[in-house]
Amino acid sequence: MEDPNTKIICECGSKTVSQAVEILKETDLPYKKAKKLVTECNKTCCRRPLMALFNMIQFGEIDYEEIDFLIDQMNDR
């Protein structure tokens with residue numbers, strides 16, 4: 001299995017999961033505005049994995065297996 005941290009979470013911003021984690025941890029913006037920092041766009045293409053990651057960071061625990069699954073699901077479309 002590929003390391004989930006190195007996977008691209010959104011093609012628009014070309015950010016990896018680990019980059020997205022760092023960006024989301026450093027901001028206290030609501031999801032919609034924090035999303036723009038990661039994706040650099042307004043599209044909803046990566047909404048499920050990114051929103052899940054955002055919520056996990058807010059909760060304090062990241063399930064990388066679930067993020068990996070959601071990214072694969074998104075990419076299979």
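# Exercises on a predicted model

At 69% relative accessibility, Phe-59 counts as exposed, because exposed means over 50% relative accessible area, buried under 20% and partly exposed in between (1.4 Å probe, protein chains only). The model is predicted, so local features need pLDDT of at least 70 and side-chain atom pairs count only at pLDDT 80 or more, while totals for chains, interfaces and linings use all residues. Residues are numbered from 1 along each chain as its sequence is written, and side-chain values use heavy atoms, with hydrogens and water left out.

## Exercise 1: helix α3

Task: describe the span of helix α3, its buried residues and what follows it.

Solution.

Step 1. Helices (H or I, at least four residues) and strands (E, at least two) are DSSP runs, numbered from the N terminus. Helix α3 covers residues 47-59 and has 13 residues. Phe-59 lies in this helix.

Step 2. The expected span of a helix is 1.5 Å times one less than its number of residues. From its first C-alpha to its last, α3 reaches 18 Å, close to the expected 18 Å.

Step 3. Which residues of α3 are buried? They are Pro-49, Leu-50, Ala-52, Leu-53, Phe-54, Met-56 and Ile-57. An α-helix has 3.6 residues a turn, so residues three or four places apart point the same way.

Step 4. The buried residues of α3 pack against β1 (8-10), α1 (17-25), α2 (31-39) and α4 (64-75).

Step 5. After α3 comes Gly-60, with a positive phi near 100°.

## Exercise 2: the nonpolar core

Task: find the residues with the most contacts inside the largest nonpolar core, and the element that gives the most to it.

Solution.

Step 1. A nonpolar core is a set of buried Ala, Val, Leu, Ile, Met, Phe, Trp, Tyr and Cys residues joined through side-chain atoms within 4.5 Å. The largest one has 22 residues. Those with the most contacts inside this core are Ile-9, Val-17, Leu-24, Val-38, Leu-50, Leu-53 and Ile-67.

Step 2. At least two residues of this core come from each of β1, α1, α2, α3 and α4. Helix α3 gives the most, with six residues. In soluble globular proteins, nonpolar side chains tend to be buried together.

Step 3. Take Leu-24 and leave aside its neighbours within four places in sequence: Leu-24 is in contact (heavy atoms within 4.5 Å) with Ala-34, Val-38, Leu-50, Leu-53, Phe-54 and Ile-57.

Step 4. Ala-34, in helix α2, is buried, with a relative accessible area of 0%. With neighbours within four places again left aside, the contacts of Ala-34 are Leu-24, Thr-27, Leu-29 and Phe-54.

## Exercise 3: packed helices

Task: classify three helix pairs by angle and by handedness.

Solution.

Step 1. Two packed helices are described by the angle between their axes and the distance between the axes. Axes are lines fitted to C-alpha atoms, for helices over the stretch in contact, and angles run from 0 to 180 degrees between N-to-C directions. Angles under 35 degrees count as roughly parallel, over 145 as roughly antiparallel, 65 to 115 as roughly perpendicular and the rest as oblique. A crossing is left-handed if the near helix is turned anticlockwise from the far one by less than a right angle, and right-handed if clockwise.

Step 2. The axes of α2 and α3 cross at roughly 115° and come within 11 Å, and the two helices are therefore roughly perpendicular to each other. The crossing is right-handed. Tyr-31, Ala-34, Lys-35, Val-38 and Thr-39 in α2 meet Arg-47, Leu-50, Met-51 and Phe-54 in α3.

Step 3. For α1 and α2 the angle is about 140° and the axes are 10 Å apart, so this pair is oblique. Their crossing is right-handed.

Step 4. For α3 and α4 the angle is about 165° and the axes are 8 Å apart, so the pair is roughly antiparallel. Their crossing is left-handed. Residues in the contact include Pro-49, Ala-52 and Leu-53 of α3 and Ile-67, Leu-70 and Ile-71 of α4.

## Exercise 4: positive phi

Task: place Ser-14 and Glu-40, and state how accessible each one is.

Solution.

Step 1. Most residues other than glycine have a negative phi. Phi of Ser-14 is positive, near 55°, and phi of Glu-40 is positive, near 60°.

Step 2. Ser-14 sits in the loop between β1 and β2 (15-16). At 48% relative accessibility Ser-14 counts as partly exposed.

Step 3. Glu-40 sits in the loop between α2 and α3. At 55% relative accessibility Glu-40 counts as exposed.
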